[in-house]
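Visitor: I'm new to protein structures and curious about the empty spaces inside them. Could you show me one and walk me through it?

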Amino acid sequence: MSRVPNKVTLSIALKIINAMIRFAKDNEMLPGSYAVVDEGGHVIAFERRDGAPAATADIAIDKAWTAVTMKASGRILEVITRGQGWRLNVKHKGRLTIIPGAIPIIAHGRIIGGVGHSGGSAEDDLKIAQAGWAAIFREDDFESEVEERLSMARKLSKEIIKYVTDKSLRPVSVAIVDEWGEPLLLYRMDRAPFGTLELARDKAWTASAFRSFSENALVFYGEKVSTTNWNERVLPVPGGVALEYNKEFVGGIGIAGNEPEKDKEIIVEVIKKLDFQAIT
Amino acid sequence: MEEYDVTIIGAGIAGTSIARELSKYKINAIVIDKNNDIALEMTSTNMALVCQGGDSLTFRPGTLHAELNIKSIPLWPKLTEELGVPFKRIGGLGLIRNKSDYMKFLKMYTRAFRSSLRRDAPYYISENEFKPLQFLDRKSLKDLEPYISSKVLGALYDPNLSVTDPIKLAKALAENARANGIEFLLGNEIKSIEKNKDYFIVNTSKNSIKTKFVINATGINVDKIAEMVKARDFTYVPVKGILTDFDEETTELFSHQAFYLPRLGDPHVRAVVPIISGGLRVGIYLDFVMRTDKSLPSQGLRHNLNVIGDIIPGYPFRKHIKRTFFGIMPLTNAETGWHDFIVDIPNYVPRWINVVLGPAGVSSAPMLGKKVVDLLMMSGVHLEPKPNFNPSTKRGVGNE
């Protein structure tokens, strides 16, 4: 007999996401973004399905963050703030997202993480997020088939994690973004520090935005790029790669966790196996 | 392959009360259960309360939870009389320890008045079917319950609250349904269900059945069965409740159901019920668990001893423990605590009804059957009343 987990690991986070996707598909709900965070509110796993609006990504993540850091479901916060929760948005750089679809993961009488969904109506978001939380109480696994782009991203990230594990490298965070730099998938391996996930996302964004290795953002476009603060995501550090598939630019990938050069090497080695090309 | 109009999956209190209601009509229906007998799961492990008079009036108005429970109140005496099932009005006491408790009970009292006791209320119950609630001071409470703790300052008294034996009731419902023409197929676990345009094929471990309608009343496994045909549009979390029964010698200590309001940060139920077969039932220690979890943590008994010691201090309850046991029930909206029943047809799967009850499920049984019959009629089933329906005859169900 399996027991209720007392910590959200990457594999549990993926089970939660699969359960949410399965629920959404069974009930013919719109594709959206699915986020699972740990008890500090930091992303462990995030996926955005094909066709989901890019803006839903950060809404899903911020919903999960809100549920954890406010220790309450979005539905409760909505009621206790009497529908005026949006006023609190001036706090925490606008991250507080007091809308249904934000659920704390409660197990063993405490909050061990959070689930966020964005992409449908408030009612649908709530139902999907509930389906995610309830998955940790299920023994069976939820296999969910996803659309082409997300399934490619999943394959790529699985290969990266496998490579890192096989070579006994330090655990990493993986970020895969689309051609507009918006996240499709964010995974943080167990024991990878939570800061690595934001680094990975920034590297992926930088690679995608400049269609080159992330460190080249400085080389090609001048040293001031990193210091002008025009965009807080610019991170000209090795470990971000812009990807081509069938000679077409498809997005970027970033990883963080090891020395930057090592991160870059991991990506370059792995994408070869899957017929992606790096844009140099 | 056998063909039926309606297949009810699950022979607990939900499945049997639906079957009994359907047996009043000319319809070809069958009840399937994986166990070899009736009511072996959730129905047998609960507080055994029914007709939760004042309790149900305080459920949030507008929910199915409130509707089914309140509308069931007037139906209980007749139903149990027809079936010859024990039913006893014991009355309930909401215990007041301080002003905050009093204010909360006052709020509930007002809510009950608005939802059911006023003549224009949405679930109006007439006065001869429902005795009014009243607040008791310390002295009148002592007259009712001489051994009650001196910490209790008063109570909200509900004379309507009753107890029954849910297992006997489910069996009687099933036996009456069978006598009136509903078939039972026990010891058949559902393996798969195929969805076709006009019918379902239900494959069990031993049989295959073709059916036009399916009523999924499988208790804690409703979600798994519903997923077989993509009919799960709800979510619940399994919650385990640990209860303790004390032996018959404790019967004379307490004659009413009594409970404390939950405290902030303490989700466990603190209640005592004199059960109909004698002795006190105390609980409930709650925990979210895997549905197959069979463990019985010691915190459960410790909590239950604390509860009874709080309500009736100074009695050696530890020496009178009969058994400690658990039940697992589905809790919807568990993250907010706003539990509600689900008795509905999913958006994309017609001819299918999901039934999720959970806490206060037994209490809602009489109305549940009627609600499902309504849903079937809305889905276009032609239900013609049977002229020779006999509300009291019985015919045995259950595998040898």
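Visitor: What is the volume of the second largest cavity?

Guide: Happy to help! Keep in mind that this is a predicted model. The structure holds 3 cavities of 30 Å³ or more. For the second largest cavity, the computed volume is about 60 Å³.

Visitor: Which helix and which strand each supply at least two residues of the lining of that second largest cavity?

Guide: Let's look at the residues around this cavity. From chain A, the lining includes A:Ala131 and A:Ala134. From chain B, B:Tyr236 and B:Pro238 are among the lining residues. The elements that each supply at least two residues are α4 (122–134) of chain A and β13 (236–246) of chain B.

Visitor: How many of the residues lining the second largest cavity are charged?

Guide: Among the lining residues are A:Arg138, B:Asp223, B:Arg232 and B:Arg291. Asp and Arg count as charged. The lining divides into 7 nonpolar and no polar residues, while the number of charged ones is 4.

Visitor: Now for the pockets! Which element gives the largest share of the lining of the second largest pocket?

Guide: This pocket holds about 690 Å³ of space, and 28 residues line it. At least two lining residues each come from α3 (74–80) and α4 of chain A and from β18 (342–344) of chain B. The largest share, 5 residues, comes from α4(A).

Visitor: And how many residues of that pocket's lining are nonpolar?

Guide: Nearest the centre of the second largest pocket lie A:Lys127, A:Gln130, B:Asn333, B:Asp340 and B:Ile342. Across the lining, 9 residues are charged and 8 are polar, and the nonpolar ones number 11.

Note on methods:
Residues numbered from 1 in each chain as written. Chains lettered and ligands numbered in written order. Predicted model: local features only at pLDDT ≥ 70, side-chain atom pairs only at ≥ 80, totals over all residues. Heavy atoms only, no water. 1 Å grid on protein atoms, 1.4 Å probe; cavity = no way out; pocket = protein on both sides within 12 Å on 5 of 7 lines; lining within 4 Å. Points joined across faces, edges and corners; volume = space filled by probe spheres on them. Helix = DSSP H or I, 4+ residues; strand = E, 2+ residues; numbered from the N terminus.
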